[in-house]
Amino acid sequence: MPSDQWFPRRTFLLGAVLFGTALFTFAAGCNEPPADSAAAGGAAPGAPVTGAGGEATFGGAGPTTPSPQPTAGTTVTEETCAPVADPGPAVLRSLTRAEYVKSVAALTGVDPEASGLLPQPDRQITTFQRTSENFSLETRAVRGYLDVAEAAATKMFETPESRSKYLGCEPTLADGAACLSQFAARFGRQAFRRPLDATETANLVALAQSAAVDVNPYAGAALIVEALLQSPSFLMHVEVGRPEAPGLRRALTGFERASRLSYLLLGTTPNEQLLAAAESGMLDDPAQVEQLALTLLEDEGARASLRPFFQQWLGISSLKDAAVNVQQYPLWSDSLRASMTEETTRLVEDFAWTPGRSFADLLTAKHSYIDSNLAKLYGMTPPAADFAQVSLEGTKRFGLLTQASWLTVMSGGAVTPIRRGKFIRSSLLCAPPIPLPPNVPELEPTKPGQSEREVLEHHRSSPACAGCHEYLDPLGFGLARYDGIGAYREVDAQGLTIDESGEFAYDSNPNVRLVPAEAFVGPGELSQLLTQTSAFQACVVEKLFEYALARPEPNRCISQPVKRAFADSGYAFRSALGALVRADAFLYRRDPLQEVAQP
């Protein structure tokens, strides 16, 4: 169809399908979905607590037994949680760029990245791109979706072979309506990650029959593809669920669970195996959900799809944007940047996927994977082959904390110890510092004969600054002998010996409060301390929840069973994933119409 005839139809299609369906989608969130739209979710163990007035309520909004405020050097027992925890809301978010690209490619065989039709990459204002706070819909993105949909539809029906593959029938014959209906139902089930209801299918067929088939006999089928690829039911993660009587939560349907599993473990739309499992009722059983997830994890593709979790969690996805002064650091290059990312990715995946390995040992690893670039930076002998496993015995490297990747990302001149300490607190211990107070004084410039540490200690002496910095700077000081790109040094720019002693001070974070205030010297002792406290292991689960659910964990009762399973397995990462996908927070959502006020 000529472009001058096509554009008005495309514009109308976007308004009628994208925004019209959006209104239907939001309305569906407040009502039970049609009976033929999805399989019912499974029943949950336990039962809601009944309030004084007879109404059902959750005891899991937080611990049922508040713990006393501990003092440094003491430990506190684990809180007691109600049998059924509030699973939290199901956030409405769009597919990330990566999810969108893989989904379109899986459905149509067209790579949107290669087409050059997509706008700028996703914004990232939180740790993970999947998190709902990163969602925004700009005009450029809408136009990109529209262009990709048209390109994909054209490609799918341009040759007899492709028409046979995707359509499988002739819409030009007497039974053309039946052909289009069959195609709409089949392709719609794949695109929407659930069966279409009769009205949705009929609307798509009506849209297809409005096409100018005398110009292009397959224009109707192409319109169906474009409509589906521009609908919120494709572009967004829509999770309605089914209500549980008499509880305050909704069980996600089998198809919604299949979609969660697929985008978490494969980064794309569910394949036929997952859709069939949903249709059969297999995913109504939490144990079956876990078993299917563990089976998927045997595939290298699934493990590769989880790579963004590790890279975004540890900050190394930002390494591509790191601005390094090559005059100050002459070893810096794009190839060194790539080597840093590869080293950390390989080490993390080694501890995540190698049978028998404890993920907790990531912090104290005595081996790594380097190439000639990193060997030069680290002052080590280059391995026989790039990224071969090498021993760290006798070197100045001690597991994750001394890897150049995140050390580079978290560098910033005089504030480097602050940034690195904050990273350890926020990303490795899930203990973000208190918000920055107003009118914080700037750091004073370093004076001759004064070390960078002395400047920070003077800054921390101010009451307005001490509240944050007493928990950040002492951790960062333990890594002070690693410069802006992670090279080891023993003296600073003024030739003064660098003091790498620090202290792990208590704060009120639920994980870290089990940690006594303890002094350490250097990254080796710091790594041992972090591992021994189990705060790091608990944080791994919390970060995994945030990534999987696309939102921060609302309360610790949700992840408490997964933390126990992780510990019982000897901190096997696969076990944490398996326990997560059978957890209530993964299989259920809060009912928005029956929410109770949370304390």
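Here are some numbered notes on this predicted model, meant as a friendly companion while you look at the structure.

1. **Overall make-up.** The protein chain has 599 residues, and 54% of them are buried. Its secondary structure consists of 25 helices and 11 strands. If you take the contacts between residues at least 6 apart in sequence, 68% of them join residues at least 24 apart.

2. **The largest nonpolar core.** How many residues make up the largest nonpolar core? There are 100, and the members that touch the most others are Leu 264, Trp 313, Phe 359, Ile 424, Leu 428 and Phe 573. Helix α22, spanning residues 535-549, gives this core its largest share, with 9 residues. A second core, separate from that one, has 42 residues, among them Tyr 166, Leu 196, Leu 223 and Tyr 263.

3. **Phe 573 and its neighbours.** Phe 573 is worth selecting in your viewer. Leaving aside residues up to four places away in sequence, Phe 573 touches the aromatic residues Phe 309, Phe 310, Trp 353, Phe 359 and Phe 566, together with Ala 352, Val 540 and Leu 544. Phe 573 also belongs to a cluster linked by ring pairs, whose other members are Phe 309, Phe 310, Trp 313, Trp 353, Phe 359, Phe 536 and Tyr 547.

4. **A stacked pair across the sequence.** The whole structure contains 19 aromatic pairs. One of them is Trp 313 with Phe 536: the ring centres are 6.2 Å apart and the planes meet at 15°, which is under the 30 degrees limit, so the pair counts as stacked. Which helices does this pair bring together? Trp 313 is in α14 (residues 307-313) and Phe 536 is in α22, so the pair ties together parts 223 residues apart in sequence. Both Trp 313 and Phe 536 are buried.

5. **The disulfide to α22.** The structure has 2 disulfides. In one of them, the sulfur atoms of Cys 430 and Cys 539 are 2.1 Å apart. The link between Cys 430 and Cys 539 is right-handed, with 80° about the S-S bond. Cys 430 sits in the loop between α18 (416-428) and α19 (452-460), while Cys 539 is in helix α22, so the disulfide links parts of the chain that are 109 residues apart. Both Cys 430 and Cys 539 are buried.

6. **The disulfide at α6.** The other link joins Cys 169 to Cys 179, with an S to S distance of 1.9 Å. This link, of Cys 169 and Cys 179, is also right-handed, at 80° about the S-S bond. Cys 169 lies in the loop between α5 (160-166) and α6 (176-192), and Cys 179 lies in helix α6, 10 residues apart. Are the two ends buried or partly exposed? Cys 169 has 22% relative accessibility and so counts as partly exposed, whereas Cys 179, at 4%, counts as buried.

7. **Two positive phi values.** Most residues other than glycine have a negative phi. Phe 387 has a positive phi, near 60°, and is placed in the loop between α16 (372-378) and β8 (388-391). The relative accessible area of Phe 387 is 13%, so this residue is buried. Tyr 571 likewise has a positive phi, of about 65°. This tyrosine, Tyr 571, is in the loop between α23 (556-568) and α24 (573-581), and its 18% relative accessibility makes it count as buried.

8. **A three-stranded sheet.** One open sheet has 3 strands in the order β5-β6-β11, paired antiparallel. Its edge strands, each pairing on one side only, are β5 (242-243) and β11 (588-590). Strand β5 is joined to β6 (residues 249-251) by 2 bridges, and Arg 242 has Ala 251 in β6 as its bridge partner.

9. **Arginines over rings.** Two arginine-ring contacts round off the tour. Arg 257 lies over the face of Tyr 588, 5.4 Å from the ring centre. The charged end of Arg 357 sits over the ring of Phe 351, at 5.1 Å from the centre.

Technical notes
Residues are numbered from 1 along each chain as its sequence is written. This is a predicted model: local features need pLDDT of at least 70, side-chain atom pairs count only at pLDDT 80 or more; totals for chains, interfaces and linings use all residues. Side-chain values use heavy atoms; hydrogens and water are left out. Helices (H or I, at least four residues) and strands (E, at least two) are DSSP runs, numbered from the N terminus. Buried means under 20% relative accessible area, exposed over 50%, partly exposed in between (1.4 Å probe, protein chains only). A nonpolar core is a set of buried Ala, Val, Leu, Ile, Met, Phe, Trp, Tyr and Cys residues joined through side-chain atoms within 4.5 Å. Contact means heavy atoms within 4.5 Å. A disulfide is a pair of cysteine sulfur atoms within 2.5 Å. Two strands pair if DSSP finds at least two bridges between them. Rings of Phe, Tyr and Trp (its six-membered ring) pair if their centres lie within 6.5 Å; planes under 30 degrees apart count as stacked, over 60 as edge-to-face and the rest as tilted. A charge sits over a ring if NZ of Lys or CZ of Arg is within 6 Å of the ring centre and within 35 degrees of the ring normal.
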